[in-house]
Amino acid sequence: MRLRVEVVLEVQDGDEVTKAALRRLAGDPDLPEEERAHAESAVTEDTAEALAYLVDPFDLVSEVPGVELQQASWSSERIDYDPDSPDWDLDEDDGEDDEEEGGIG
């Protein structure tokens, strides 16, 4: 089963997000040094990358009974958010999927 989630966040302090991502990187004993250097560079240069590093899809479903995360992918990007824009309405496909599959479950 696939669960699609779209989250729009307002980053109020990009430096705090970056610092949190760097702390998480520093505390990861399984991360090879070459990958660590690359990740540190990425999260320092782009707050969206730092945010993507901090958000873990496993955390979203780890407490849900009867499910096990099989695969996850995610990304982040900077956007101009307008809550009144028609682009923020459900896509046609989103509404059809809910009707066909009976919504959640």
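A salt bridge is a side-chain nitrogen of Lys or Arg within 4 Å of a carboxyl oxygen of Asp or Glu. The views below show a predicted model, in which local features need pLDDT of at least 70, side-chain atom pairs count only at pLDDT 80 or more, and totals for chains, interfaces and linings use all residues. Residues are numbered from 1 along each chain as its sequence is written, and side-chain values use heavy atoms, with hydrogens and water left out.

**View 1. Lys19 and Glu16 pair up within helix H1.** Welcome to the first of the three salt bridges in this text; the structure holds three salt bridges. Lys19 forms one with Glu16, and their closest N and O atoms are 3.9 Å apart. Both residues lie in helix H1, three residues apart, or about one turn of the helix. (Helices are DSSP runs of H or I with at least four residues, strands are runs of E with at least two, and both are numbered from the N terminus.) An α-helix has 3.6 residues a turn, so residues three or four places apart point the same way. Lys19 is partly exposed, with a relative accessible area of 43%, and Glu16 is partly exposed too, at 39%. Here buried means under 20% relative accessible area, exposed means over 50%, and partly exposed is in between, using a 1.4 Å probe and protein chains only.

**View 2. Helix H1 (14-26) has a buried side.** Its 13 residues should span 18 Å at 1.5 Å a residue, and the end C-alpha atoms are 18 Å apart, which agrees; the expected span is 1.5 Å times one less than the number of residues. Val17, Thr18, Ala21 and Leu25 are the buried residues of H1. Seen down the axis, they fall within an arc of 95°, so they line one face of the helix; the arc is that of the directions from the helix axis to the C-beta atoms. Turned away from this buried side are the exposed residues Asp15, Arg23 and Ala26. The buried residues of H1 pack against H2 and helix H3 (47-54), where contact means heavy atoms within 4.5 Å.

**View 3. Seven residues make up the largest nonpolar core.** They are Val17, Ala21, Leu25, Leu31, Ala39, Val43 and Ala50. Helices H1 and H2 (33-45) each supply at least two of them, and the largest share, three residues, comes from H1. Such a core is a set of buried Ala, Val, Leu, Ile, Met, Phe, Trp, Tyr and Cys residues joined through side-chain atoms within 4.5 Å. Leaving aside residues up to four places away in sequence, Val17 touches Val11, Thr47, Ala50, Leu51 and Leu54.

**View 4. Glu33 and Arg36 form a salt bridge in helix H2.** The closest N and O atoms of this pair are 3.2 Å apart. Glu33 is exposed, at 58% relative accessibility, whereas Arg36 is buried, with a relative accessible area of 11%.

**View 5. Asp46 caps helix H3 and also meets Arg78.** At the N-terminal end of H3, a side-chain oxygen of Asp46 lies 3.0 Å from the backbone nitrogen of Ala48. The side chains of Asp46 and Arg78 meet in a salt bridge of 3.7 Å, N to O. Asp46 lies in the loop between H2 and H3 and Arg78 in the loop between helix H4 (57-61) and helix H5 (92-101), so the pair ties together parts that are 32 residues apart in sequence.

How values were computed: Polar contact = N/O pair within 3.5 Å; in protein donor to acceptor, adjacent residues only side chain to side chain.
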